[in-house]
Each structure stands twice: as structure tokens, then as C-alpha cells.
Amino acid sequence: MSETVVADGSRSGGRTVLNLAIRLRALIALFVVLAFFGVMAPNFLSLANGLIMAKHIAIIAVLGIGMTFVVLTGGIDLSVGSVAGLGGMVAGWLILNGIVLAPMGVAIFPSIPLVIVLVVALGAAIGLVNGTLITRFGVAPFIATLGMLYVARGAALLLSNGTTFPNLVGNPAFGNQGFQLLGAGRLLGVPVPVLILIVLAAVAAIVAAHTPFGRRIYAVGGSERAAFLSGVRVDRIKCAAYMISGACAALVGLIVASDLTSAHPASGETFELSAIAAVVLGGASLAGGRGTIGGTMIGACVIGVLGDGMVMMGVSEFWQMVIKGAVIVGAVMLDQFQQRMARGGWSKA
């Protein structure tokens, strides 16, 4: 009898440790990749590289914030990379060509703050289209956003016939200078994209955890039917989640175009891969109803550190895609294993 109790206690303790390790997988992975590249790549942990890496992480994390809201509802947004590319191209068009009023024969050049507002609004509008397709027409999120991926990428190519909008520094005569400050500027030595991420993550975390909208997001992802019967406007909540995702993607497009002072229609390719990896690795469930903004931030750090570390070690871009894909699959497998443990099914295996 006593041996049985000891065996049960040992098994319970092992299960607790395993469950804790799975819950903290993103944090553990972050320490592992930092330690690995810190040893293998010279200057990887230097301040200069840290600031560069922080800017790259900010791009993934901003995309991840929007993706988190979508995933919490049980959906997926595959169009974020293309929306980012389109956002950069629209910004380039507005800065170089302005808003052409053909009947009057004039062009209006909006200021940079207005360009930012217009592009972010465009991203939100694309998200609204995604949400409408999913909620009103019953199109599966995977199909709706995959279609939007091609529509947005095609629109970005059409804007310039596939060429780059270069030298986006604005014109003093038009009053639209200063665009490069958004992506390449610094405030008190901190890159502006990092400051944007800090503010955005704080707001998103509060919204997700402490507002009625956040509670409804979790409710829809947990059980759409139960949320509907409780009076939650499921369609509106889903549309809002996709609008947030689209707006975040457009903001990323602005940051990338600003940092490079040019916009290319192919910009943002595979961004959706990094965003999904950050969200899933951060502990969100693709089934919906589980995940946090904080977890996504840690997941984005893992993906950012992994990407920069591989670049510093000279790993080819193709192998980087293979490794990131493997990270997503591994994270999803861990998530399913965690759900199985929660249901108690693991002991039957």
C-alpha cells in the first residue's frame, strides 16, 4: 500500500513539473536561444546588436498583438504579411504622389501623421472585410484570409507595377517630411518602434484582461454558442478582432517602409509565419479562448532572437523558414499535449 502511495505521489510530482515546463515553454525557449547564440555568435549579446534585435522583435510583436486577438476568438489571419506590404506601398504612394483629384487637376499631399492614420485605417478596413466574410458569409477564416493575402499582395504590386517606391523622405514644399522617424528614429536612445510596441502592448494587455470587450473575446473563443446565448454579439466581436489585426499589420508596414525609407510590394512576405509562431509559442491555443498578450511578447522575443541569431551565424534564409515552421509545429504539438493533460487523457496513453 505504501509503495502504491509513493508511486502515485512520484507520478503526480512528475506530472506537475511537466505541466509547469509546458506552461513556461516560451520563457524556457527564450533562455535557451539566448544562451546558445550568446556562446555561438560573437557580439550577439552586445548593446548595439540588442537595439537592432529589439527593433526586429517589435515588428513581430506588433503583428503578434493583432494576431492574438484573432486567435483568441478561434480564428486565424493569414493576410497580415500582405496587408503590411500594402500599407507600406500606400504610404509610399501618398508621400510621393499624394491624393490626386483628377477632375480638379490637383494633388493633395497629406502630412505624415495623416498618412499614418489613413494607412492604419486601411488596414482596419481590410480586417473588417475579413471579419465580414467570416461572420456574414460563413467563409472559413483560413480561406477568407488566404484570399485576402493574394488580394492585398496583388494590390501592392498594382500600385507601382511591381517596382519600389524609393527615397520616402518627403518634400519640404509639400510639408510631408519626417516619415523615417517612425521606423529609424530614436527617443532617449530607444528605437521608436520599441516605444510604439511598449505602448501598444500595454494598451492591448489592459483591453484583453480588464475590459468587457476582452472578456467577450475570450468567451467567443471558449464557446461561441455559449457566448451567443449569453447575449454576446459574436459577429461584432470577431470583426473587431480582425480589424485590430489589420490595423496592427498596416502599422508594421509603415514601420518597415519608414525604416528602409522605401516601400517594396514584396515587403512583409512570411510575416504571418512569424506572427503565428509568436502567438502559439506564447501559449495561445489555436482552438481559441486561451492566450495572453504577455505570452505573445515572450514568443515574439523567441522568434526575433532565433531569427537574428541565425542571421549572425550565416544560416540561409531557406533554412530559417524551415526552422520557424518546425517551431510552429512543435508549439502546436505542445499545446495539444497541454490540453490533453488538462483533460486527464495523457495518463491513458
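A residue is counted as buried when its relative accessible area is under 20%. In this predicted model, leucine 281 has a relative accessibility of 9% and is therefore buried. Leucine 281 lies in helix α12, which spans residues 271-281. Apart from neighbours within four places in sequence, the contacts of leucine 281 are with Arg25, Ala26, Gly299, Val302, Ile303, Val327 and Ala331. Leucine 51 is separated from leucine 281 by 230 residues in sequence, and the C-alpha atoms of the two lie 23 Å apart in space.

Five aromatic pairs were found in the structure. One of them joins phenylalanine 36 to phenylalanine 37 in an edge-to-face arrangement, with a centre-to-centre distance of 5.1 Å and an angle of 75° between the planes. Phenylalanine 36 has a relative accessible area of 42% and is classed as partly exposed, whereas phenylalanine 37, at 4%, is buried. A stacked pair is formed by phenylalanine 109 and phenylalanine 174, whose ring centres are 3.9 Å apart and whose planes differ by 5°. This pair connects distant parts of the chain, its members being 65 residues apart. Phenylalanine 109 is located in the loop between β2 (106-108) and α5 (112-135), and phenylalanine 174 in the loop between α6 (141-160) and α7 (181-184). The relative accessible area of phenylalanine 109 is 19%, which places this residue in the buried class. Phenylalanine 174, with a relative accessibility of 38%, is partly exposed. In addition, a single aromatic cluster is made up of Phe36, Phe37 and Phe44.

The structure contains zero disulfides. Cysteine 239 takes part in none, and the nearest cysteine sulfur to it, that of cysteine 248, is 16 Å away. The cut-off for a disulfide is a separation of the two sulfur atoms within 2.5 Å. For cysteine 301, the closest cysteine sulfur also belongs to cysteine 248, and it cannot be bonded because the distance of 16 Å is too far. As to accessibility, cysteine 239 is buried at 12% relative accessibility, while cysteine 301 is partly exposed at 25%.

Methods. Residues numbered from 1 in each chain as written. Predicted model: local features only at pLDDT ≥ 70, side-chain atom pairs only at ≥ 80, totals over all residues. Heavy atoms only, no water. Buried < 20%, exposed > 50% of the residue type's maximum accessible area, 1.4 Å probe, protein only. Phe/Tyr/Trp six-rings, centres within 6.5 Å; stacked < 30°, edge-to-face > 60°. Helix = DSSP H or I, 4+ residues; strand = E, 2+ residues; numbered from the N terminus. Contact = heavy atoms within 4.5 Å.
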